[in-house]
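Student: I should like to learn how to read the features of a protein model. May we work through some of them together?

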Amino acid sequence: MVTVAFQGELGAYSQEAAQQFFGPEVGTLPCRTLQDIFLAVEESRAEHGILPVENSTAGSVNQAYDLLLEHDLKIAGEVFLRVRHSLLANPGTKLKDVRQARSHPQALAQCERFLARNKMEPVPAYDTAGSAKDLAAAPEPGVAAIASALAGRLYGLEALATEIEDLPFNYTRFFVLGLEDPPKAERNKTSVVFATRHTPGSLHACLGEFARRGLNLTKLESRPRHNKPWHYFFYLDFEGHWQDTPCAEALVSLLDKATFLKLLGSYPAAVLEQPQG
């Protein structure tokens, strides 16, 4: 059985993403931090890792991009997970009796209207699934947790309300990490990180290599270089596989213009399923 490392407690959205990609029977390894995901794969405690890299409403996970630069794991796939938040409580709790909702600050922010409408106090916690686990272990009257339906099932909590997030277009994008390059698919994406010369027009010249060949860029993210203040690394996703002729030519030209280039991986592109309604 394949084992996938993820950050968080059992029932985390990262575990859901692993199940969406590999199937419901996949083995999972909970990790305390994002860095522990990389270490678990590098130390052969897991064959793959699942790494959250951006949310459609909250933006990028900066630490995830820094770790992709620091480690040499390959991006072997991507997952778009539709994040559905549930209000979970111990059996017998009524919705009208809930006065506090505990969860990760980002989950609380994504359910702000629901909490205000139901006059519930948001209480920050370290993890969504961890909030559910702690509530199940130590029940408190009038207290609920915001987490996944999977967490509710795992910890024996009842869902008092489901899909309570304010925006229906709430997705988190994950990278599937591994030690090997995945097989080429019908539709592919490629991710790279590069640095430019500190001269006028350098970034424009680098990006022009993709425009000149009709390659569609799907993401551009900058992160500060820790050894050079006010200098940056640029993370770039584009459609295509590095072995495709236009992509290979663009990367060769980018290598000539950039001061640093690292290929993070070419992998099957995920399809985003839009919510109904």
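Student: Which residues is Y13 in contact with, leaving aside its neighbours within four places in sequence?

Tutor: The model is a predicted one, and contact here means heavy atoms within 4.5 Å. With its neighbours within four places set aside, Y13 is in contact with L81, V83, R84, H85, T128, A147, S148 and F174. Y13 itself is found in helix 1. The side chain of Y13 also reaches the backbone nitrogen of S148, at 3.4 Å.

Student: Is Y13 buried or exposed?

Tutor: A residue counts as buried when its relative accessible area is under 20%. Y13 has a relative accessible area of 10%, so it is buried.

Student: How far apart are Y13 and F234 in sequence and in space?

Tutor: They are 221 residues apart in sequence, and their C-alpha atoms are 27 Å apart in space. A second pair can be read in the same manner: C206 and K257 are 51 residues apart in sequence, with 6.3 Å from C-alpha to C-alpha.

Student: What does C206 touch, not counting residues up to four places away in sequence?

Tutor: C206, which lies in helix 8, touches F194, T196, L254, K257 and A258. The relative accessible area of C206 is 0%, and therefore it is buried.

Student: T196 appears among those residues. Where is T196 placed?

Tutor: T196 is in the loop between strand 12 (188-195) and helix 8 (202-211). Its relative accessibility is 16%, so T196 counts as buried. Not counting residues up to four places away in sequence, T196 touches S202, L203, C206, F234 and T259.

Student: May we turn to a whole helix? Which residues of helix 6 are buried?

Tutor: Helix 6 covers residues 128-137, and its buried residues are T128, A129, G130, S131, A132 and L135. The elements that cover these buried residues include helix 1, strand 6 (86-89), strand 7 (100-103), helix 4, strand 9 (143-147) and helix 7. One of the buried residues, T128, is also in contact with Y13.

Student: What is found at the start of helix 6?

Tutor: There, a side-chain oxygen of D127 comes to within 2.9 Å of the backbone nitrogen of G130.

Student: How should one read a salt bridge, and how many does the structure hold?

Tutor: Side chains of opposite charge can pair when their charged atoms come close. The structure holds 20 salt bridges. One of them joins R45 to E43, with the closest N and O atoms 2.9 Å apart. R45 has a relative accessible area of 43% and is therefore partly exposed; E43, at 49%, is likewise partly exposed.

Student: Which salt bridges link distant parts of the chain?

Tutor: Two pairs serve as examples. E54 forms a salt bridge with K219, the closest N and O atoms being 3.3 Å apart. E54 is in strand 3 and K219 in strand 13 (residues 217-224), and 165 residues separate them. K219 has a relative accessibility of 12%, so it counts as buried. E54 and K219 also belong to a network of salt bridges that links them with E78, R173, K189, E221 and D237.

Tutor: In the second example, the side chains of R82 and E163 meet at 3.8 Å, N to O. R82 is in strand 5, whereas E163 is in the loop between strand 10 (158-162) and strand 11, and the two are 81 residues apart. R82 counts as buried at 11% relative accessibility, while E163 counts as partly exposed at 45%.

Student: How does one find a pocket, and what is the volume of the second largest?

Tutor: Rolling a probe the size of a water molecule over the atoms shows where empty space is left. The second largest pocket has a volume of about 370 Å³. It is lined by 22 residues, of which E16, Q20, L81, R82 and R84 are the closest to its centre. Helix 1, strand 5 (74-82) and helix 7 (149-155) each give two or more residues to this lining. By class, the lining has 11 nonpolar, five polar and six charged residues.

Student: How much space lies in the largest pocket?

Tutor: The largest pocket holds about 640 Å³ of space. Among its 26 lining residues, the closest to the centre are Q7, P52, H104, Q106 and D127. The classes in its lining are 10 nonpolar, 13 polar and three charged residues.

Methods
Residues are numbered from 1 along each chain as its sequence is written. This is a predicted model: local features need pLDDT of at least 70, side-chain atom pairs count only at pLDDT 80 or more; totals for chains, interfaces and linings use all residues. Side-chain values use heavy atoms; hydrogens and water are left out. On a 1 Å grid over the protein atoms alone, a cavity is a set of points where a 1.4 Å probe fits but cannot get out, and a pocket is an open set with protein on both sides within 12 Å along at least five of seven lines; lining residues have an atom within 4 Å of a point. Grid points are joined across faces, edges and corners, and a volume is the space filled by probe spheres set on the points. Ala, Val, Leu, Ile, Met, Phe, Trp, Tyr, Cys and Pro count as nonpolar, Asp, Glu, Lys and Arg as charged, and the others, Gly among them, as polar. Helices (H or I, at least four residues) and strands (E, at least two) are DSSP runs, numbered from the N terminus. A salt bridge is a side-chain nitrogen of Lys or Arg within 4 Å of a carboxyl oxygen of Asp or Glu. Buried means under 20% relative accessible area, exposed over 50%, partly exposed in between (1.4 Å probe, protein chains only). A polar contact is a pair of N or O atoms within 3.5 Å; within protein, one must be able to donate a hydrogen and the other to accept it, and residues adjacent in sequence count only if both atoms are side-chain atoms.
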